[in-house]
Amino acid sequence: MATAFDREAFDQAVARGSDLLKQGKLDDAQKAFAAALLVDDQNAKVLALLGLTYFRGGKLQQAQPIYEDLVERLPTDASHRLNLGLVYLKLGDADKAINSLEASRALDPSQGRAVSYLGLAYARAGRYAEAYRAFLLAGQRDLATEIEINLT
């Protein structure tokens, strides 16, 4: 059971980490979020923020297990699936990226970013017809035209 002191320390660490993240001080933000997780290691919001600091800092190997954990814990949260898909895409795993991004889009069809990144993932997997459709859906006619060249 967290005490009032623990709760205050947690809130302060999260606030400090959020401020540092906004300032682009990723290493310091990671330390603050890690301190908050010492008080409440099950807090999905703080885990997501920690994952974001790793992602923005290009530490994709550290971001991946965090987002995989968040997807497992909160399977209906489209944003965690989107972020995991982006990590997979940046790590060069187009098939896993496609699975995550398709799941994100299915959970939140209004999520335009998922469709855009899905087009990129399809293209990287050599699935050009699907990439073309995804780029058109995302309103990215220039990318769709570029893909059309691969279709002909």
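**Figure 1. The whole chain, with 9 helices and 0 strands.** This is a predicted model. Reading along the sequence, you meet the pattern α-α-α-α-α-α-α-α-α. The C-alpha trace spans about 65 × 30 × 25 Å along its principal axes. The chain has 152 residues, and 40% of them are buried. Take the contacts with a separation of 6 or more: 38% of those are between residues 24 or more positions apart.

**Figure 2. Helix 3 packed against helix 4.** Two packed helices are described by the angle between their axes and the distance between the axes. Here the axes come within 8 Å and cross at roughly 150 degrees. That makes helix 3 roughly antiparallel to helix 4, since an angle over 145 degrees counts as such. The crossing of this pair is left-handed. On the helix 3 side, look for Ala44, Leu47, Ala48, Leu50, Gly51, Leu52, Tyr54 and Phe55. They meet Leu60, Gln62, Ala63, Ile66, Tyr67, Asp69, Leu70 and Arg73 in helix 4. Sorted by class, this contact has 12 nonpolar, 2 polar and 2 charged residues.

**Figure 3. Helix 4 again, now with helix 5 (residues 78–91) as its partner.** The axes of helix 4 and helix 5 come within 9 Å, crossing at roughly 150 degrees. The two helices are therefore roughly antiparallel to each other. Once more you are looking at a left-handed crossing, this time of helix 4 and helix 5. Helix 4 brings Leu60, Gln61, Ala63, Gln64, Tyr67, Glu68, Leu70 and Val71 to the contact. Across from them, helix 5 offers His80, Arg81, Asn83, Leu84, Val87, Tyr88, Lys90 and Leu91. By class, that gives 9 nonpolar, 4 polar and 3 charged residues. If some helix 4 names ring a bell, that's fair: Leu60, Ala63, Tyr67 and Leu70 meet helix 3, and these residues also meet helix 5.

**Figure 4. Ser100, a buried residue in helix 6.** Helix 6 runs over residues 94–107, and Ser100 is part of it. Is Ser100 buried or exposed? Its relative accessible area is 8%, and because buried means under 20%, Ser100 counts as buried. Now set aside the neighbours within four places in sequence and see what else Ser100 touches. Those contacts are Arg81, Leu84, Gly85 and Tyr88. Three names may look familiar from the previous view: Arg81, Leu84 and Tyr88 are among the helix 5 residues that meet helix 4.

**Figure 5. Helix 7 (residues 112–124) beside helix 8 (residues 128–137).** These two pack at an angle of about 160 degrees, and their axes are 8 Å apart. Helix 7 and helix 8 are therefore roughly antiparallel to each other. Helix 7 passes helix 8 in a left-handed crossing. From helix 7, the residues in contact are Val115, Ser116, Leu118, Gly119, Leu120, Tyr122 and Ala123. Helix 8 answers with Tyr128, Glu130, Ala131, Ala134, Phe135 and Leu137. The class count for this contact is 10 nonpolar, 2 polar and 1 charged residues.

**Figure 6. A salt bridge within helix 1, between Arg7 and Asp11.** How many salt bridges are there in the model? The count comes to 4, and this is one of them. The closest N and O atoms of Arg7 and Asp11 are 3.9 Å apart. Helix 1 covers residues 4–22, and the two partners, 4 residues apart, are separated by about one helical turn. Arg7 is partly exposed, at 36% relative accessible area, and Asp11 is partly exposed too, at 42%.

**Figure 7. Asp27 and Lys59, a salt bridge between parts 32 residues apart in sequence.** The closest N and O atoms are 3.2 Å apart. Asp27 lies in helix 2 (residues 26–39), while Lys59 sits in the loop between helix 3 (44–56) and helix 4 (60–73), so the pair ties together two separate parts of the chain. Asp27 is partly exposed at 44% relative accessibility, and Lys59 is partly exposed at 29%.

**Figure 8. Arg127 meeting Glu130 in a salt bridge.** The N to O distance here is 2.7 Å. Arg127 is partly exposed, with 29% relative accessibility, and Glu130 is partly exposed, with 26%. You've seen Glu130 before: this residue of helix 8 is among those that meet helix 7.

Methods:
Residues numbered from 1 in each chain as written. Predicted model: local features only at pLDDT ≥ 70, side-chain atom pairs only at ≥ 80, totals over all residues. Heavy atoms only, no water. Buried < 20%, exposed > 50% of the residue type's maximum accessible area, 1.4 Å probe, protein only. Contact = heavy atoms within 4.5 Å. Salt bridge = Lys/Arg side-chain N within 4 Å of Asp/Glu carboxyl O. Axes fitted to C-alpha atoms, helices over the stretch in contact; angles between N-to-C directions. Parallel < 35°, antiparallel > 145°, perpendicular 65-115°, else oblique. Left-handed = near helix turned anticlockwise from the far one by under 90°. Nonpolar A, V, L, I, M, F, W, Y, C, P; charged D, E, K, R; others polar.
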